[in-house]
Amino acid sequence: MAVLTLVSCAPRGSDRPRRGEPTPSVPTSVIASDTGLIDAPIDGQTRARIARAAGAGVAACAASLGSARVTFDPVPDRVDTATCGLSQAGVLAVDLGTVARLAPAAPTMTCETALAFSVWRRQSVEPAAREIFGQDVVQIDHFGTYACRSVSNRPGARPSAHSLAAAIDFGGVRLRDGRRITVAADWRGDTDEARFLRRIRDDACRIFGTVLSPDYDAPHQDHLHLEPGARPFCR
């Protein structure tokens, strides 16, 4: 079996799941009464708590999601190329604890990414929308998670974290009244939309290891790159 070398699409590295270990079989979702990690407010230990939960293995990680009524379906480990494949990953399906749904639905990602994203959705994106706009987020738009490609699709560049499904690119949200807020259209300026996007970017920096926004470079002008890990890089 080939061994994948993990790299980040950020200028600093970050911790990643190790490949080569079998994925335990777990139920489609594990529902328990303790919402724990995902329903805890963001604090200085959030990133470390996510890493510990993910490091306990995919079964324990899926249980942390299931306890908060987040459906996560683990998938078998696989190697697609020398630098591309899945380990400790699964399909992030419906979060029964929220009204916001992902579009496209059911992306495949590492369990650590699913944990971090679920915390961010519940503790940042949805509360910020209710505070600033007075309504719920009903849809979260993203540009994908798993893609066998290089950093920013540059020829000859090192593989992106997306090549291991260890990141998600956030594009924007749709509010209950139908209004869309996107990174591409609303990041700049002194508007409620810009304030919302910058607030959730700043919150993401306390949850994920690597967060890249339009403030970073040209390839990130239309999305936030969100990648879990212990060593933070936020721009």
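Let me start with Cys84, which has a relative accessibility of 1% and therefore counts as buried. Keep in mind that this is a predicted model.

What does Cys84 bond to? Its partner is Cys148, and the disulfide between them has an S to S distance of 1.8 Å. For those new to the term, a disulfide is a covalent bond between the sulfur atoms of two cysteines. The torsion about the S-S bond of Cys84 and Cys148 is about -65 degrees, so this disulfide is left-handed. Cys84 sits in strand 3, residues 84-86, while Cys148 is in the loop between strand 7 (137-142) and strand 8, so the pair ties together parts that are 64 residues apart in sequence.

How many disulfides does a search of the whole structure find? Three. We have covered the one between Cys84 and Cys148, so two others follow on the list, since the search gives three.

Take Cys61 and Cys111. They are joined by a disulfide with an S to S distance of 2.0 Å. The link of Cys61 and Cys111 is left-handed, with -105 degrees about the S-S bond. It connects distant parts of the chain: Cys61 belongs to helix 2, residues 58-67, and Cys111 to helix 3, and they are 50 residues apart. Are these two cysteines buried or exposed? Both Cys61 and Cys111 are buried.

Now Cys205 and Cys234. Their sulfur atoms are 1.7 Å apart, and they form a disulfide. Here the torsion about the S-S bond is about 55 degrees, so the disulfide is right-handed. Cys205 is in the loop between helix 5 (192-204) and strand 10 (210-212), and Cys234 is in strand 12, residues 233-234, so this pair ties together parts that are 29 residues apart in sequence. The two ends are not equally covered. Cys205 counts as buried because its relative accessibility is 13%, whereas Cys234, with a relative accessible area of 40%, is partly exposed.

If you number the bonded cysteines of the protein in sequence order, the pairing reads 1-3, 2-4, 5-6.

Next, the sheet. Three strands form an open sheet in the order 1-4-6, and the pairing is antiparallel. Which strands are at the edges? They are strand 1 (70-74) and strand 6 (108-110), each of which pairs on one side only. Neighbouring strands of this sheet are turned by 45 degrees against each other on average, if direction is ignored. Strand 4, residues 89-95, runs antiparallel to strand 6 and is joined to it by three bridges. In that region, Val91 stands opposite Thr108 in strand 6.

Two helices to point out pack on this sheet. Helix 2 touches strand 1 and strand 4, and its direction makes about 160 degrees with that of strand 1. Helix 3 touches strand 1, strand 4 and strand 6, and its direction makes about 100 degrees with that of strand 6. Recall that the disulfide of Cys61 and Cys111 has one end in helix 2 and the other in helix 3.

On to the interior. In soluble globular proteins, nonpolar side chains tend to be buried together. In this model the largest nonpolar core has 48 residues, and Trp120, Phe170 and Phe196 touch the most other members. The elements that give two or more residues to this core include helix 1 (46-55), helix 2, helix 3, strand 8 and strand 11 (224-227). Which element gives the largest share? Helix 3 does, with 12 residues. There is also a second, separate core of five residues, among them Val75, Leu86, Ala89 and Val91. Val91 is the residue we met opposite Thr108.

Let me finish with the rings. The structure holds five aromatic pairs. One of them is Trp120 with Phe170, an edge-to-face pair at 5.1 Å centre to centre, with 85 degrees between the planes. Trp120 lies in helix 3 (residues 111-133) and Phe170 in strand 8 (residues 168-175), so the pair ties together parts that are 50 residues apart in sequence. Both residues, Trp120 and Phe170, are buried. Ring pairs also link Phe117, Trp120, Phe170 and Phe208 into a cluster. Beyond its close sequence neighbours, leaving out residues up to four places away, Phe170 touches residues including Trp120, Ile140, His142, Val183, Leu197 and Leu224.

Technical notes
Residues numbered from 1 in each chain as written. Predicted model: local features only at pLDDT ≥ 70, side-chain atom pairs only at ≥ 80, totals over all residues. Heavy atoms only, no water. Phe/Tyr/Trp six-rings, centres within 6.5 Å; stacked < 30°, edge-to-face > 60°. Helix = DSSP H or I, 4+ residues; strand = E, 2+ residues; numbered from the N terminus. Buried < 20%, exposed > 50% of the residue type's maximum accessible area, 1.4 Å probe, protein only. Disulfide = S-S within 2.5 Å. Pairing = 2+ DSSP bridges. Axes fitted to C-alpha atoms, helices over the stretch in contact; angles between N-to-C directions. Contact = heavy atoms within 4.5 Å. Core = buried A, V, L, I, M, F, W, Y, C linked by side-chain atoms within 4.5 Å.
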